[in-house]
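I opened this notebook to keep track of what I looked up about the pockets in one protein model. My first aim was to learn where open space lies and what surrounds it.

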Amino acid sequence: MDFSKVIFMTDLDGTLLTDDKQILPCDLAAIERFRKGGGIFTVATGRGCGMARSAVEKLGVDIPAVVFNGAAVYDFKADKFVWQCEIGNHAREYVKRLSELFPDLGIEVLHEQTIYTPFINQTELDHLALEKIEPHPCTIEELPEKGWLKVLLAHEPQRMDEIQRYIEQSDMQQAQWVRSAPVYYECLPEGVDKSMGYRQLIRILGAEDRFTVASGDYMNDLAMIQKADLGVAVASAQEKVKAAADLVVCDNNSGAIAEIIEYIESL
């Protein structure tokens, strides 16, 4: 297939990035070849702008990217949001209730360029340290009234399983809940996922006639993979994600993006 007919969006963590958060030279070379051939390449990540910036810059992405698991589209070159969708005021009540029921839960509120941390645990500290992000500690009362794009809950996997079960059975359903990693459960604006962010990006770019490709590994990538013309899962993806994909390639440590681009070329 002619690359100039394709728009390719990939997840970062667990898909394009290796387990130690690196980008393989073979993937970088394939992305450059894809772009030189006229292909549109960008990313769709659960990360906020600050956490995604280093990877986006290493990739040389020159068009907007989907961030906050689909709640926003951000132009890193212009350093501005080109589309965003906020969580309603009910999210504050959800955070308050969860902090009371699970006092050991780590909670961060992602608000455009700032990460507010009203509740910290070791899982959350590890997360912030890994991404080299300086949070903004605060109380619930000090959280901004508006501008919430995502709430991330952090805890060890077994404890997070328990918290997820509670939320699924509760009345906290004026939101989109998604498990983005064994240690993370996220609250997004109602009806929002990466596929919505992808649609918004395509609209912004005027690329509606392009063949869409999406790749990922976890449940927060599922909708994007299902709705793309070619949905791809890496070998290390969750079984539900692999079952929904049109194509399964090698794992994220073995050049998955390069393999996908070679497959596109063969179509």
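The entries below go through two pockets in turn.

Entry one. I noted before anything else that this is a predicted model. I also reminded myself that rolling a probe the size of a water molecule over the atoms shows where empty space is left.

Entry two. I looked up the largest pocket and found a volume of about 590 Å³. Its lining is made of 32 residues, and those closest to the centre are Asp13, Lys21, Ser180, Ala181 and Tyr184. I then asked which elements give two or more residues to this lining, and I wrote down helix H4 (122-131) together with the strands S9 (150-154), S10 (176-181) and S11 (184-188). Helix H4 gives the most to the lining of the largest pocket, namely five residues. Sorting this lining by class, I listed nine nonpolar, 12 polar and 11 charged residues.

Entry three. I turned to the second largest pocket, which holds about 250 Å³ of space. I found 14 residues in its lining, and Lys21, Arg47, Ser54, Lys58 and Glu131 lie nearest its centre. Helix H2 (49-59) and helix H4 each supply at least two residues here, and the largest share of the lining, five residues, comes from H2. By class, I recorded six nonpolar, three polar and five charged residues for the second largest pocket.

Entry four. Reading my notes again, I marked Lys21, which is listed among the residues closest to the centre of the largest pocket and also among those nearest the centre of the second largest pocket.

How values were computed. Residues are numbered from 1 along each chain as its sequence is written. This is a predicted model: local features need pLDDT of at least 70, side-chain atom pairs count only at pLDDT 80 or more; totals for chains, interfaces and linings use all residues. Side-chain values use heavy atoms; hydrogens and water are left out. On a 1 Å grid over the protein atoms alone, a cavity is a set of points where a 1.4 Å probe fits but cannot get out, and a pocket is an open set with protein on both sides within 12 Å along at least five of seven lines; lining residues have an atom within 4 Å of a point. Grid points are joined across faces, edges and corners, and a volume is the space filled by probe spheres set on the points. Helices (H or I, at least four residues) and strands (E, at least two) are DSSP runs, numbered from the N terminus. Ala, Val, Leu, Ile, Met, Phe, Trp, Tyr, Cys and Pro count as nonpolar, Asp, Glu, Lys and Arg as charged, and the others, Gly among them, as polar.
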